[in-house]
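Here are my notes on the model you sent over. Have the structure open while you go through the points.

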Amino acid sequence: MHLQQRGRILRQSPAIRSLVAETIITPSDFIAPLFIVEGSSVKEEISSMPGYFRYSLDNTIEEVKHLWSLGLKAVLLFIKCDDNLKDNKGIEALNSNGLMQRSIKAIKNAVPEMCVMTDIALDPFSTFGHDGIVENNQIVNDPTVEVLAAMSVSHAEAGADIVAPSDMMDGRIGAIRKALEQNNFINTGILSYSAKYASCFYGPFRDALDSAPGFGDKKTYQMDFANRKEAIKETLLDLEEGADIVMVKPALSYLDIIREVKNVVNVPVAAYQVSGEYAMIKAAAEKGWLNEEKAIFETISSIKRAGADLIATYFAKDIIKILQ
Ligand code: PBG
């Protein structure tokens with residue numbers, strides 16, 4: 001054969017492959033989610049997320065110091081609210097001395113350089129396990145948005161660098177931006193879960209926070225996974241309303257969406273490799289059916305290749321080890 005082009009030339013050695021690699025992964029690509037519970041010295045493994053833990057605040061601080069020492073630059077905080085503090089309106093979400101607010105302060109105090117991001121949604125605080133206020137079995141949009149805006153201000157007051165609304169209510173980004181401006185939090189960023197799909201892959205997360213919806217599902221606010229153009233519509237709206245970073249969630253079944261979004265926006269795009277994606281890899285690896293490290297590296301690489309500038313993943317620490 002006399003070929004003009006031989007694709008294998010650029011794949012023949014590790015040196016050449018690394019010279020032409022299009023996707024390079026670095027520690028600052030990652031956001032590490034953290035689950036925080038009341039108490040002290042608590043480290044509870046989440047049953048459907050083997051190797052991942054809920055920590056009390058004291059242990060969380062040690063963990064954040066460790067993450068920083070590994071080169072990770074961002075954490076995303078979720079708290080598990082005690083059942084007796086849950087209600088329909090998320091009153092506890094606004095408590096300036098609540099677990100979330102105390103956690104933000106303590107973490108910023110211990111590791112001030114770490115970028116602290118916080119989840120904004122009512123589900124961990126809701127007796128119904130829904131992201132918004134419930135009236136007559138409906139999740140009511142506008143009253144919920146008011147609480148989300150107040151919650152964002154409360155997190156900013158505690159010292160959050162970036163608030164991350166994960167609720168999918170209409171108009172919440174605009175309301176949050178306005179509330180932050182009115183309260184003079186001009187440096188607080190908004191990472192919007194812009195294209196968040198109603199996905200079965202959130203199951204283990206809802207175990208972690210005991211936040212599964214008590215009735216129905218989340219399909220009246222989270223997106224239908226049949227849809228692609230709708231993701232662009234939602235993302236562009238969030239940008240108009242003031243989002244700094246947009247996010248697609250979940251990641252692996254939505255790589256097409258990540259790329260579509262990346263192609264139309266000029267802000268950083270994040271993707272969330274969610275709890276069910278973590279659980280799938282862990283379970284297959286436990287059975288010896290997949291090589292865990294290779295599966296982590298390949299899935300993360302595909303998410304970045306699809307267009308994600310930032311990746312929230314429960315494998316943040318593992319990937320650092322793999323990179324080394
Ligand atoms: C809650 C929220 C969810 C996740 C992040 N924020 C769950 C849900 O919407 O039901 C899922 C994260 C994961 O599965 O890892 N608003």
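1. Start with Y272, keeping in mind that this is a predicted model. Its relative accessible area is just 1%, and the cut-off for buried is under 20%, so Y272 counts as buried. The residue belongs to strand β11, which runs over residues 269-273.

2. Which aromatic pair does Y272 make with Y314, stacked or tilted? The ring centres are 6.0 Å apart and the planes meet at 45 degrees, so this one is tilted. Y314 is buried too, at 3% relative accessibility. Y314 comes from the loop between β12 (310-313) and α11, so to speak a distant part of the chain: 42 residues separate it from Y272.

3. Next door in sequence to Y314 is F315, which has a tilted pairing of its own with Y278: 4.7 Å centre to centre, with 35 degrees between the planes. Y278 sits in helix α9 (residues 275-286) while F315 is in the loop between β12 and α11, so the pair ties together parts 37 residues apart in sequence. Neither ring is out in the open: Y278 has a relative accessible area of 2% and is buried, and F315 counts as buried at 0%.

4. Zooming out, both pairs belong to one aromatic cluster made of F35, Y52, F78, Y193, F205, Y272, Y278, Y314 and F315. For the whole model, the count of aromatic pairs comes to 14.

5. Have a look at K249 as well. Which rings does this lysine lie over? One is F205, with K249 over the face at 6.0 Å from the ring centre. The other is Y272, again over the face, at 4.8 Å from the ring centre. Both of those rings are members of the cluster in the previous point.

6. S194 deserves a click. The residue is in strand β9 (residues 189-196), and its relative accessibility of 0% makes it buried. What does the S194 side chain make a polar contact with? The partner is the side chain of D238, at 3.0 Å. Setting aside neighbours within four places in sequence, the contacts of S194 are M168, E234, T235, D238, V246 and M247.

7. Now for helix α2, residues 57-70. With 14 residues, α2 spans 20 Å from first C-alpha to last, close to the 20 Å expected at 1.5 Å a residue. Its buried residues are L57, T60, I61, E63, V64 and L67. Seen down the helix axis, these fall within an arc of 165 degrees, so they line one face of α2.

8. What do the buried residues of α2 pack against? The list has three strands, β1 (30-37), β3 (49-56) and β4 (74-79), plus the helices α3 (99-110) and α11 (316-323). After α2 comes G71, with a positive phi near 105 degrees.

9. Helix α4 (residues 141-158) is the last stop. Its 18 residues reach 26 Å from the first C-alpha to the last, close to the 26 Å expected at 1.5 Å a residue. How many of the 18 residues of α4 are buried? The number is 13, leaving this helix mostly covered. Just after α4, G159 has a positive phi of about 120 degrees.

How values were computed
Residues numbered from 1 in each chain as written. Predicted model: local features only at pLDDT ≥ 70, side-chain atom pairs only at ≥ 80, totals over all residues. Heavy atoms only, no water. Helix = DSSP H or I, 4+ residues; strand = E, 2+ residues; numbered from the N terminus. Expected span 1.5 Å × (residues − 1). Buried < 20%, exposed > 50% of the residue type's maximum accessible area, 1.4 Å probe, protein only. Arc of directions from axis to C-beta. Contact = heavy atoms within 4.5 Å. Phe/Tyr/Trp six-rings, centres within 6.5 Å; stacked < 30°, edge-to-face > 60°. Lys NZ or Arg CZ within 6 Å of the ring centre and 35° of its normal. Polar contact = N/O pair within 3.5 Å; in protein donor to acceptor, adjacent residues only side chain to side chain.
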